[in-house]
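Let's take a walk through a protein structure together. Keep the model open beside you and look up each part as we reach it.

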Amino acid sequence: MDIETSYKKYIRLFEEISSKLKNEDSEFVFNTRMAAFKKFKDAGLPDHNHENYKYAGIAEILSEDYEFSLESRQALVDLNQFFECEVKDLDTHVILLSNGEYYQNNKPIEGINENVIICSLKEAKFKHKEIFEKYYNKTVSESNDSYAALNAMFANDGLFIYIPDNTKVNKTIQLVNLTHGFGNKNVFKRNLVVVGKNAELSLIICDHTLNNSKNFTIDITESYIEENGYLQYHTLQNEPNKSSVINNLFIQLERYARINSFVLSLHGGIIRNNLYAKLSGENSEANLYGVNLTDRKQRIDNFTIIDHISPNSTSNELYKGILDEEAKGSFAGRIIVRPGAQKTNAYQTNKNICLTPEAKMRTKPQLEIYADDVKCSHGATVGQLDEDALFYLRQRGIDYKEARLLLMFAFVNDILLKMEIEPLRNRVASLINARLRGEFSDCSHCLLNCHTRE
Amino acid sequence: MLSIKDLHAEINGKEILKGINLEIKSGEVHAIMGPNGSGKSTLASVLAGKEEYEITKGEIIYMEKNLLDLSVEERAKEGIFLSFQYPVEIPGVSMINFMKTAVNEHRKYQGLPPISSAEFLKYMREMKDLVELKSDLANRSVNQGFSGGEKKRNEIFQMAMLKPKLAILDETDSGLDIDALRIVANGVNKLKTNENSIIVITHYQRLLDYIVPDFVHILFDGKIVKSGTKELALELEQKGYNWIKE
C-alpha cells in the first residue's frame, strides 16, 4: 500500500468502529479519540517527505497490509507459563499484555505497597476515573505527531500504574508485551504511569513477539512524575526482523522530579523511538539514555524532543549506536529552552560506530534556546572502532573477533553503568554481549527462532 | 629463539627498515639504541605484527616458526610481548576483564582450562605486588586516566601476568622519573629467567644501568650499524649519535 491508501484506510477503519468504541468508552476517552481523529485527518500520515520522519522507513512499513481488530484474541495457552523471565536475582512484579490488551489471567500482584494501583487501562478509565482523566492523553494531545494521534484513536487497552504520594515501590514492575497469533497485525498499546509526590518507581517494559508475522506496533507510554518523584524507566526492544515499531515515550516532570530513562533497542526490523520530555517544574532532571544495536538491513531511528520550560532544570541525553552490515540509523535530538527557563543545563551526546562502509548513520542535533543564562552542549560522532586499541588487545593474545567484541561492549557499557538495578544491568549486559556475538539473544523461552539468521 | 635476516619493511611506500640482521638466544637481553627515526619502534611493531607495515624482503624465524605467517594474536600467544611506547587508553574495558580474557586466551592456546575467578584474583594480586602497582588501577578502565608512569608500570604488570618468552620493551623508560624507572626495571629483572629473552629499546644508557644487556646494537637509518657489549652503550652516551653518523 502507499501512504495515501494507508491514510484512507485508517480513516475508514476508525469510522467503522467508532460507534462500537463509543459504547464501550467513557465519554472522556471517546472525546479524546475524536480529537485525535480530527488531528489525524488534518495532518495526514507523515512519511519520508516529512522532516521528522525522513529516515524512519515509513514507506517500507506501510507497504504491508496489517489487520486491526477490536476483538480480543484469546491466547490458546496460559501466557504466564509461556513467559518466564530469565533475569536472575531480579525480583519483579510481572504483568503481561497480550497483543496490546491487559492479559486477563495475569497473576495477582502480591506484596506491593498499599494504595498502589496497577490495572488495565480499560478498567482504570471507569474505576479510577478521577486520576485517569487528570492525566490521560494530556501530553499526547500537545503533540502534533500523527502516529501518536493514531494510537490515541485506536488504542483500547494497556497498563495503568498509579503510585500515590510518598510511596517508594519495593519491587520493580515488569511489563511484558507479548505479540502472538496469526496474521500481520497492527497493534496499538498504551500505558499510563503516574508517580506521585516523593514517590519512586522502577519500571521495565519488554517487547516480545511469539509469532513469525509482520507486525506493526504503535506504542505510547505516558509518564507523569509529580514533585520530587523519581521514575527509573527501561524499555527493552528485542524483536524479530519482520517487526516494525513506532514507540512513543511522553514524560512530564514537575518540580524536583527525576527520570532515568533507558531505551535499549537490541534487535528489530524497523524501530522508531519518539521521546518527548517536558521539564515543566523547576529543578526537574531528565537523564535520557539510549543504546541501539543494528545489523543486516535493520533500521533504527531515535527522535527526541527535550523541552525545558522552568528554570534550573537539567537534562542529560546520551545515545549510542553500533551499526553493522547494511543497517541504517538516525538520531535527531531537539532541545528547546523556553523563555524564562534560566539556569537550564542541557547536555546532549550521540555517538555511533559503523562497522562496515555500507552501514549508515545520520545524526542531527537541534538546539532552540530562548533564554540567555543557560548551559547547553551537544556533540555527535560517527566513527569506527579504534584501530590502536584493537592492536593493543590483540597484542595481548586476544583474538581479533574477541577484541572487537570487547571494544563494542565497552562502547555501550558506560550507559549500562548508569542503571541502578544491578541484576537488570547484568542481564542487559549479557543480552548485549550475546547480541554482539550474533547469538540467539532472547529474553524468554521463545519457541520460534525468529532471531536466528534466515 | 629469534633470528632476523635481511629484514626490509615499509609503511605507505616509505622504506623504514633496510636490511636488519639480528640473532637472539634464550636468556639473552639485547639493547637496541639509536637516534629518533632510525627505525627502532618500527622494528618493535613489525615483530608484534602491526599490519600497517609491509615486509618487502627478509625473514623472521621465531622458535622455529616463520613469524611473518602468524597473526598479531598468534604471535602474542606464542610468547611475544610488546611493552608499548604509548600504551593505548581503552575506556569501558576494565583491567580485570582485559587481563582475564588475555590470560584465558593464552591458556586456551596452551590447552589449559580457563582460570577460576578466585585463582585469577590471587594471581593478579601477586603480579601487582611484583611490579608495585597500586591496587585500584586494576578496577579502572585500561590505561584510562593513568599517569605516564602508571601506564608504563601497567605494561610491566601485563608482562608479569602473561610471562612472555620474548619481551620487547619499546622506550619503557621514557616519561619515567628515577624512582619509577627503578621500580619498572626491578619488575623486569624479577621476570627475567634463563628461558626468556628481552629486547630493550631505548635512547639512553640510564635504563641499562638497571636492566643490564648482554648485547647492545645501534640502529641507524634502518640498519644495525654497530653491535657490542654493554660498554658500547656507555661509549655512545659519551660520544653521542654523531659518532655513528660519521
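What follows goes from a buried helix to the core, then to helix pairs and the contact between the chains.

This is a predicted model, in which local features need pLDDT of at least 70 and side-chain atom pairs count only at pLDDT 80 or more, while totals for chains, interfaces and linings use all residues. Residues are numbered from 1 along each chain as its sequence is written, and chains are lettered from A and ligands numbered from 1 in the order in which they are written.

Start with helix α8 of chain A, residues 146-154 (helices are DSSP runs of H or I with at least four residues, strands are E runs of at least two, and both are numbered from the N terminus). Here 9 of the 9 residues are buried, so α8(A) is largely enclosed by the rest of the structure. Buried means that 20 or more other C-beta atoms, placed from the backbone, lie within 10 Å of a residue's own. The buried residues include Y147(A), L150(A) and M153(A). Among the elements of chain A that cover them are α1 (3-24), α2 (27-43) and β6 (186-195).

M153(A) turns up again in the largest nonpolar core, which has 182 residues; M153(A), L203(A), I168(B) and V200(B) have the most contacts inside it. The largest share of this core, 8 residues, comes from α10(A). A nonpolar core is a set of buried Ala, Val, Leu, Ile, Met, Phe, Trp, Tyr and Cys residues joined through C-beta atoms within 7 Å. In soluble globular proteins, nonpolar side chains tend to be buried together.

Now look at α10(A) itself, residues 400-416. Helix α10(A) packs against α9(A) (387-395) at about 125 degrees, with the axes 9 Å apart. These axes are lines fitted to C-alpha atoms over the stretch in contact, and angles run from 0 to 180 degrees between N-to-C directions. The two helices are therefore oblique to each other, as the angle is not under 35 degrees, over 145 or from 65 to 115.

Chain B has a pair too: the axes of α4(B) (117-130) and α5(B) come within 9 Å and cross at roughly 135 degrees. So α4(B) and α5(B) are also oblique to each other.

How many residues does each chain bring to the contact between them? Chain B gives 19 and chain A gives 17, where contact means C-beta atoms within 7 Å, placed from the backbone. On chain B's side, α2 (72-77), β7 (90-94), α3 (95-109) and α5 (148-162) each supply at least two residues.

Definitions and conventions: Contact = placed C-beta atoms within 7 Å. Buried ≥ 20, exposed ≤ 12 C-beta atoms within 10 Å, placed from the backbone.
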